[in-house]
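Open the model in your viewer and keep the selection tool ready. The tour below moves from the interior to the surface and then to charged pairs.

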Amino acid sequence: MNAAAIGATPRPALLGAIFVFNLIEFLSTGMTVLAAPAIMGHIGASPEEYATVSALYAAVAVLAISQMTVLLQRLGWRNYLLGAVLFYLLGAWVCATSASVAGFAGGRLLMALGGGVFMTVSRMMVNLIPPSPQRLQGIAAYGAALSGGLALGPWVAAKMLGHEAWGGMFLVLAALATLGALIAARWMPQDAVTLDRASGGSPSRMHAIDAMLLAAGAAITLYALQHLTYDWHGERGALLAHLVLGLALLTAFGLLHARRSAPFLYLGVLRSPRYRLGPVIFSVCYAMLGMVNTLLPQVVQKGLGVGLEQAGELQGTGLLATVIAFFVMLELVKRRPHPTKFFVTGFLMLALLGWRFATLDPRAYAWDAVIFWLGLFGGFLTLGMATTAIHAFKELQADNVVFSNAQQLKNMLGQAGLALGVGMTNIGLQERTALHASRLAEKSSMLADGGAELARQAGLLAGQDLFWIVMWVGLGGAALLVLQRRFD
C-alpha cells in the first residue's frame, strides 16, 4: 500500500478517532470501577455475582480483541468500526436501563463484544499515519486519551451517582461512541489499509474451534481465579477443577493455534524475550488499576468521612497528574529513552501510594491528605503502560499484521488483569470487612449507634489491609525491573 493511500484520511479526523476510541476505553474503566458498589446495589448483585459479570466481560473482550485483525481484513476500517459501535451502543443502552443482574450482564457482554477492541484499534489507527516524525502526533493523541480517561472516569461517575443517575455513565459512553462512529463513517478508509496483507502473505483466518477454546478457557480461568478467595473454604475442590479446566483449554488453544498456517493471532511473537516481558508488565498495571480504583473510594470515604461524590472528585483531580506525567515522559523519552528509570520510578510511586493509604490517618483533611498521593498513582500508570508500549514492540514493527497481533495479545492479557484486579479486590474487601467487623463487635461501645461506626472502621481496616498488598507489588516490581535487561 503506497504512502498516498495510507495518508488519505485527513489528519485531524484520524487524530480525533484515535483519541475518542481510546478515551472510551479508559473512561469506561474509571467509571464502572468507582461505581461498582452503587451498580451492585441497584441491580441487586452480590460481590460474587459482580465478579462473575467482570469475568464474562473480560472473556468476551478477549474474544473480540483476538478477532480484530481478521475482521478488519474482511470488512475494512469503516465497516468494522461502525459494526463495533453498533454492538457497543446496544449494550450501553441495556446497561443504562437494566434493573437486574441478568440484564446488566447482557448489556456488559454486548459492550465487550463491540468495545473490547477500542483500545487496540485506536493504537493501530496510529499506523495509518505514514512512518515519519508526524506519527508522534498519533502517539500523543493515544496517550492523551489514556491519561485523560483515567482522570475523568472517577469524576464523571461521582457526578452521575451524586444525581442518582448511574445509568447516565453508559449514556455518556454511548455519546462518545456515536461521535467515533460519525468520524469513521465520514473519513475512515473503506479498505483495511496497513492490515490488508497487500505486500504479501495470506490473510488471517477465523478458526472457530480455536476461538471457542480461547473464549471458554478465558472465561473459566477468570471465574475460578476471582472466586478462589471467596469460596476457598467451602468450594475449594470445584474451583480448583474449574481452574485446571480453564488452563487446559487455554493450553489446547495455544498448541492448536500455533500450528495454523494463517492464524488470527500470530503466537510466534511470544518467542521474543523483549515482547514477553511487555504484556506481563502491562497486565500488572491493569490489575493494579482495577485494584486501586476499587480500593480508593472505600478508604477515602470510610477513612476520611467524605461522600462518594467528593471521593470521585478527589480521585479525578489527583489523577490529572497522569496527563502531566505523560507529556513530560514524551519529552524525556526523545532524549533519554532507556526504560529502566521509567519503570523503577513508576513502581516506586505505586509502593508509596500503597504505604500512604495503608497508614492513612482518619483525622486528616481529605484534600491535603490524599491529593498528592493520587497523583503518584497517575504517574505509575503512565510510566508503566507507556514505557511498555514504547519498548516491548521494537522488534515487531516491520510487519503491521504481526505488530497488530502483538497489540492484541497484550490487550487481551490487560483485560484479564483488570477483571482479576476488580473481582478479587471486591471479594477481598468483603472477606476482610467481615473479619474486622467480628473483631470490633467485641467492643460493645461501638454498637451504640446501631453499628454504623463499626461498619465504617471495619471497611477502613479492610481497605488498608489490601493497600499493603499494593505497596509490596510496587516494591517487588521496582526490584525486579531494575535488574531487567530485555529492553536494553
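Contact here means heavy atoms within 4.5 Å. This is a predicted model: local features need pLDDT of at least 70, side-chain atom pairs count only at pLDDT 80 or more, and totals for chains, interfaces and linings use all residues. Residues are numbered from 1 along each chain as its sequence is written, and side-chain values use heavy atoms, with hydrogens and water left out.

**Stop 1: the interior**

Select Phe170. Leaving out residues up to four places away in sequence, Phe170 touches Thr32, Ile39, Ala92, Cys95, Ala96, Phe104, Arg108 and Met111.

Now widen the view to the nonpolar core (a set of buried Ala, Val, Leu, Ile, Met, Phe, Trp, Tyr and Cys residues joined through side-chain atoms within 4.5 Å). Buried means under 20% relative accessible area, exposed over 50%, and partly exposed in between, with a 1.4 Å probe and protein chains only. The largest nonpolar core has 144 residues. Color Trp77, Met125, Phe170, Phe357 and Phe467: these touch the most other members. Which helix gives the most to this core? Helix α12, residues 273-304, with 15 residues. Helices are DSSP runs (H or I, at least four residues), numbered from the N terminus.

Next, select Met329, Val333, Phe342 and Ala386. They are among the five residues of a second, separate core.

**Stop 2: the cysteines**

Go back to Cys95, one of the contacts of Phe170. Cys95 counts as buried because its relative accessible area is 0%. Cys285 is also at 0%, so Cys285 counts as buried. How many disulfides does the whole structure hold? Zero, by a search for cysteine sulfur atoms within 2.5 Å of each other.

**Stop 3: a nonpolar patch**

Turn to the surface. Select Leu348, Leu352, Trp355, Trp468, Trp472 and Leu475. Together they make a nonpolar surface patch of about 600 Å². Such a patch takes nonpolar side chains (Val, Leu, Ile, Met, Phe, Trp, Tyr) joined within 5 Å, from residues with over 30% relative accessible area and no salt bridge. Areas come from the Shrake-Rupley method with a 1.4 Å probe; for residues, only the protein chains shown count as cover. Helices α15 (340-358) and α18 (452-481) each supply at least two residues of the patch. Zoom in on Leu352, in helix α15. Leu352 counts as partly exposed because its relative accessibility is 41%.

**Stop 4: salt bridges**

A salt bridge is a side-chain nitrogen of Lys or Arg within 4 Å of a carboxyl oxygen of Asp or Glu. The structure holds six.

Select Lys159 and Glu309. Their side chains meet in a salt bridge at 3.3 Å, N to O. Lys159 sits in helix α8 (135-162) and Glu309 in helix α13 (308-318), so the pair ties together parts 150 residues apart in sequence. Add Glu313: Lys159, Glu309 and Glu313 form a network of salt bridges.

Move to Arg260 and Asp210. Their closest N and O atoms are 2.7 Å apart. Arg260 lies in the loop between α11 (236-257) and α12, and Asp210 in helix α10 (208-231), so this salt bridge links parts 50 residues apart in sequence. Is Asp210 buried or exposed? Buried, because its relative accessible area is 0%. Arg260, at 28%, is partly exposed.

Finish at Arg274 and Glu395, a salt bridge with its closest N and O atoms 3.8 Å apart. Arg274 is in helix α12 and Glu395 in the loop between α16 (366-391) and α17 (400-440), so the two parts joined are 121 residues apart in sequence. Arg274 counts as buried at 10% relative accessibility, whereas Glu395 counts as exposed at 52%.

How values were computed: Patch = residues over 30% accessible without salt bridge, like charges linked within 9 Å, V, L, I, M, F, W, Y side chains within 5 Å.
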